[in-house]
Amino acid sequence: MAEVLSSLSDALAGAVETAGKSVVRVEGRRRQSASGIIWSADGLVVTANHVVTRDEDIRIGLPSGETSDATVVGRDPTTDIALLRTAGGKLTAANWAKAANVRVGHLVLAVGRPETTMQATLGVISALGDAWRTAGGGMVDQYIQTDVVMYPGFSGGPLVDVSGGIVGLNSSALAQGVSLTLPAATIGSVVETLATHGRIRRGYLGIGAQPVRLPETLAEQLGQEIGLLIVSVEAETPAASAGLVLGDTLLALDGQKVGHIEELMALLTGDRVGKQVAAKILRGGEVREMKVTIGERNS
Amino acid sequence: MTDLIQQLNDEMADVVDHVKHTLVHVTNNGQSHGAGIIVSSDGSILTNAHVVRQRSLQVTLPDGKTVPARLVAHDAERDLALLKIDVTELPAMQIGDTQELQAGQWVMAVGHPWGVAGAVTSGVLIDKTNHLINQPSEGRQWLAANLHLRPGNSGGPLVDVKGRLLGLNTVMAGPEVGLAVPADVIQTFLQEVAQALGNHKPDYLENNQRPEIV
């Protein structure tokens with residue numbers, strides 16, 4: 001009885017066991033510990049940034065049951081990735097699955113280690129899509145949505161295919177109401193930047209702004225209903241140097257319309273830091289174009 | 001490919017058929033409903049303590065026959081109860097082993113959710129844990145599975161792919177976690193009850209030792 005079902009059950013448990021060798025517990029916040037993935041045998045661990053709320057006193061719970069201290073190498077809040085370093089040695093680096101092999105409808109497991117033992121839950125790949133930008137402005141190479149339930153402490157752990165390969169990193173903070181997974185390619189590029197520079201460069205203007213509805217005739221002319229009213233300009237910032245003042249309404253930056261803070265955030269990418277770009281603004285009822293050199297955000 | 005899924009479906013249905021031979025329906029004079037499992041051929045029925053609201057109970061057997069049942073033992077802390085019916089030569093559920101459990105393995109729950117007799121839900125084992133947060137009775141051992149338990153599932157079996165009893169479905173925790181009392185806890189309970197009955201203990205054990213024999 002139950003040949004195929006037995007094989008399926010064994011395969012699922014086997015996949016969890018295989019992947020679990022690279023899944024650690026991350027103790028980096030007050031309450032619930034979360035999970036992380038061993039990136040390299042020399043001690044790099046990737047996890048979700050939102051589960052590492054402190055910068056010191058971080059511990060990693062290894063598959064062997066031992067715990068070891070860890071430090072923060074760097075954080076990228078925009079993709080919700082944090083890179084930690086712990087002692088290398090008896091670590092098994094993650095075996096990443098080929099992204100091209102993942103298809104909608106495939107069975108996948110979310111694996112976590114919020115405590116000493118591995119925990120797992122099953123679901124299917126619900127949707128795959130192109131590159132997308134997170135609310136925080138981070139660029140993600142592929143959209144991966146599943147119907148796995150993210151239990152407490154599963155963030156930072158892997159999405160695992162049926163052969164135990166790791167498809168990506170699960171984070172409950174990327175979107176509300178859906179389970180999204182960061183693909184290996186994105187983790188790879190963020191890890192590389194964090195390991196080299198310790199940070200992800202983000203652009204900075206130095207303004208506070210809020211969305212406002214534009215006058216109807218102007219909206220028709222511009223083909224844009226909402227702009228960003230500048231409500232504060234910090235001294236000695238790119239915005240101040242460019243001559244932006246309180247009361248200006250920002251309409252577009254570098255040729256892209258901005259009606260919401262998220263849209264502006266998404267434009268303040270690392271590759272724009274130090275570049276002079278056009279800022280289209282509304283001042284005294286007139287549309288003007290100014291030049292602003294994007295600065296770099298400190299934190 | 002399609003053959004494989006077809007075979008998978010057939011095998012899951014076989015497991016359910018097998019399990020249903022030992023699945024009963026427990027009612028309190030038609031009031032509340034729960035599930036129960038035949039654990040001995042001479043009519044011992046295991047269910048959740050919270051399913052048993054009063055001493056006058058009825059058990060509906062897999063063949064549809066409803067018989068009176070009497071409460072033998074009741075353990076509110078472990079949420080287990082043992083009933084007895086005067087029917088013999090019944091098929092009994094084999095109690096499985098919880099030592100070999102692995103996160104990710106396939107499990108199925110059979111019961112009577114919302115009164116739908118013999119309905120099934122399935123998922124995988126999340127963990128054998130006493131660490132899940134939002135769980136009732138901190139520190140207790142549970143089997144956690146990613147499946148939906150509903151009123152009427154209580155007292156029903158959580159089984160593995162071979163139809164062996166892994167746990168007694170008891171409660172939901174958090175949004176999508178079904179919790180079951182593990183088979184080893186059930187074994188201990190059954191042994192304690194057998195011992196207490198064998199020793200001709202009075203109506204209940206001394207010093208409030210569990211389980212309470214009634």
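Here is a short conversation about the strands, the barrel and the chain contact of this predicted model.

Author: Residues are numbered from 1 along each chain as its sequence is written, and chains are lettered from A and ligands numbered from 1 in the order written. Since the model is predicted, local features need pLDDT of at least 70 and side-chain atom pairs count only at pLDDT 80 or more, while totals for chains, interfaces and linings use all residues.

Reader: Happy to start with β4 of chain B: which side chains are buried there?
Author: Strands here are DSSP runs (E, at least two residues) and helices are runs of H or I with at least four, numbered from the N terminus. Buried needs 20 or more other C-beta atoms within 10 Å of the residue's own, exposed 12 or fewer, and partly exposed lies in between, with C-beta atoms placed from the backbone. Along residues 57-60, B:Q58 and B:T60 point to one face and are not buried, while the side chains facing the other way and buried are B:L57 and B:V59.

Reader: Which residue stands opposite B:V59?
Author: Strands pair if DSSP finds at least two bridges between them. Strand β1 (residues 23-27) of chain B runs antiparallel to β4(B), joined by 3 bridges. The residue across from B:V59 is B:V26.

Reader: And what is the bridge partner of B:Q58 in β5(B)?
Author: β5 (residues 66-75) of chain B pairs with β4(B) in the antiparallel sense, over 4 bridges. The hairpin of these strands has 5 residues between them, and B:G64 there takes a positive phi near 95 degrees. In β5(B), B:Q58 is partnered by B:P68.

Reader: Moving to chain A, in what order do the strands close into a barrel?
Author: There are 6 strands, with antiparallel pairing. Within it, β11 (residues 143-146) and β14 (residues 179-183) of chain A are joined by 3 bridges, and A:Q145 has A:L180 as its bridge partner in β14(A). The order is β7-β8-β11-β14-β13-β12.

Reader: Which element gives the largest share of the side of chain B that touches chain A?
Author: Residues are in contact if their C-beta atoms, placed from the backbone, lie within 7 Å. The contact takes 25 residues from chain B and 25 from chain A. On the chain B side, α1 (2-20) and β8 (119-129) are the elements that give two or more residues. The largest share, 7 residues, comes from α1(B).

Key. Two residues are in contact if their C-beta atoms, placed from the backbone, lie within 7 Å.
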